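Biologist: I'd like to learn how to read a structure like this one. Could you take me through it feature by feature?

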Amino acid sequence: MPIIPRILVFAGSTRTGAYSGRTADCAQKELALQGADVTRISLADYELPLMNEDLEEHEGVPENAVKLARLIDMHDAVLIATPEYNGSMPPLLKNAIDWVSRVSRDGTTRLRPYPDKLVAICSSSDGHFAGIRSATHLRAVLSHIQMDVISPQVSVPHGGQAFDENGDFREERLRKGMERLCRELIQRAILLSTRTEP
């Protein structure tokens, strides 16, 4: 049987109505239309303290970081939709990335959530630049932790006007861009997957 890629999707903001969350919704919908098995999560369900090595030394890595690492590890690919805060990614997203980087085991099971894991980036903002600076910083961080970042990227400008009443992109350019991004992510995930379907 052909591989059905498992793809984890989340946004870098948990604000109600966040443009990054709405962009992640569009990605989730398009990935599912193209045949992926999509898991959509909110970082609000994985609350973490600020990254602190003293805390890690005394209390260990927080359980929510282990849960996130486990989720990333069990999926073939990840899609992250980031907002832009002051020209960069939000602290919520960076903090989650940093904590997960400290996870190497889940009980007796070895975890490798980041190295060679396929990942796609989307960005959004209320302005004209569409969160591109945040996406650039995120891409650099993900590359540094050895994730395999695909080239296609969807950046959504003027987030307040970008979505229609159904939550879909108003602009054909954005719809086509998301279709292209999801297609490449799925194709690459199938090629790189080491799973075998029953």
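Modeller: Sure, and keep in mind that this is a predicted model. Let's begin with the largest cavity: α3 (63-74), β3 and α4 (91-100) each put at least two residues into its lining.

Biologist: How does one find a space like that, and which element gives the largest share of the lining of the largest cavity?

Modeller: The general idea is that rolling a probe the size of a water molecule over the atoms shows where empty space is left. Here, α4 gives the largest share of the lining, with four residues. The volume of this largest cavity comes to about 100 Å³, and the structure holds one cavity of 30 Å³ or more.

Biologist: Which residues lie nearest the centre of the largest cavity, and how do its lining residues divide into nonpolar, polar and charged?

Modeller: Nearest the centre are F10, I72, I80, I97 and Y114, out of 13 lining residues. The division is 13 nonpolar, no polar and no charged.

Biologist: And what about pockets? What lines the second largest pocket?

Modeller: That lining is made of C26, K29, E30, L33, D168, F169, E172, R175, K176, M178 and E179. Two helices, α1 (19-33) and α6 (172-192), each supply at least two of the lining residues. α6 gives the most, with five residues. By character, the lining has four nonpolar residues, no polar ones and seven charged ones. The space in this second largest pocket is about 160 Å³.

Biologist: Let's turn to the sheet. How should I read strand pairing, and what is the order of the strands in the open sheet?

Modeller: In general, strands of a sheet pair through backbone hydrogen bonds, either parallel or antiparallel. In this model, five strands form an open sheet in the order β2-β1-β3-β6-β7, with parallel pairing. β2 (37-40) and β7 (148-156) are the edge strands, each with a single partner, so one side of each has no neighbour in the sheet. From one strand to the next, the twist averages 20°.

Biologist: How many bridges join β1 to β3, and which residue stands opposite F10 in β3?

Modeller: Five bridges join β1 (residues 6-11) to β3 (residues 77-82), and the two strands run parallel. The residue opposite F10 is I80. You've met both names already, as F10 and I80 are among the residues nearest the centre of the largest cavity.

Biologist: And the other pairings, going across the sheet?

Modeller: β1 pairs with β2 in the parallel sense over four bridges, and there L8 of the one has T39 of β2 as its bridge partner. β3 and β6 also run parallel, joined by six bridges, with A77 opposite L118 in β6. β6 and β7 pair in the parallel sense over six bridges, where the bridge partner of V119 is V149 in β7.

Biologist: How do I judge whether a strand is covered? Why is β1 largely enclosed by the rest of the structure?

Modeller: Count its buried residues, where buried means under 20% relative accessible area. In β1, five of the six residues are buried, so the rest of the structure largely encloses that strand. For β6 (residues 118-124), the count is seven of seven.

Biologist: What does that look like on the two faces of β6?

Modeller: As a rule, the side chains of a regular strand alternate between the two faces of the sheet. In β6, L118, A120, C122 and S124 lie on one side and V119, I121 and S123 on the other, and all of these are buried.

Biologist: I see a cysteine there. How many disulfides does the count come to?

Modeller: A disulfide is a covalent bond between the sulfur atoms of two cysteines. Here the count comes to zero. For C122, the closest cysteine sulfur is that of C182, 7.1 Å away, which is too far for a bond. C122 is buried, with a relative accessible area of 0%, and C182 is buried with a relative accessible area of 0% too.

Biologist: One last residue: where is R105 found, and is it buried or exposed?

Modeller: R105 is found in strand β4 (residues 105-106). With a relative accessibility of 43%, R105 counts as partly exposed. Its C-alpha atom is separated by 34 Å from that of I132, which is 27 residues apart from R105 along the chain.

How values were computed: Residues numbered from 1 in each chain as written. Predicted model: local features only at pLDDT ≥ 70, side-chain atom pairs only at ≥ 80, totals over all residues. Heavy atoms only, no water. Pairing = 2+ DSSP bridges. Axes fitted to C-alpha atoms, helices over the stretch in contact; angles between N-to-C directions. 1 Å grid on protein atoms, 1.4 Å probe; cavity = no way out; pocket = protein on both sides within 12 Å on 5 of 7 lines; lining within 4 Å. Points joined across faces, edges and corners; volume = space filled by probe spheres on them. Nonpolar A, V, L, I, M, F, W, Y, C, P; charged D, E, K, R; others polar. Disulfide = S-S within 2.5 Å. Buried < 20%, exposed > 50% of the residue type's maximum accessible area, 1.4 Å probe, protein only.
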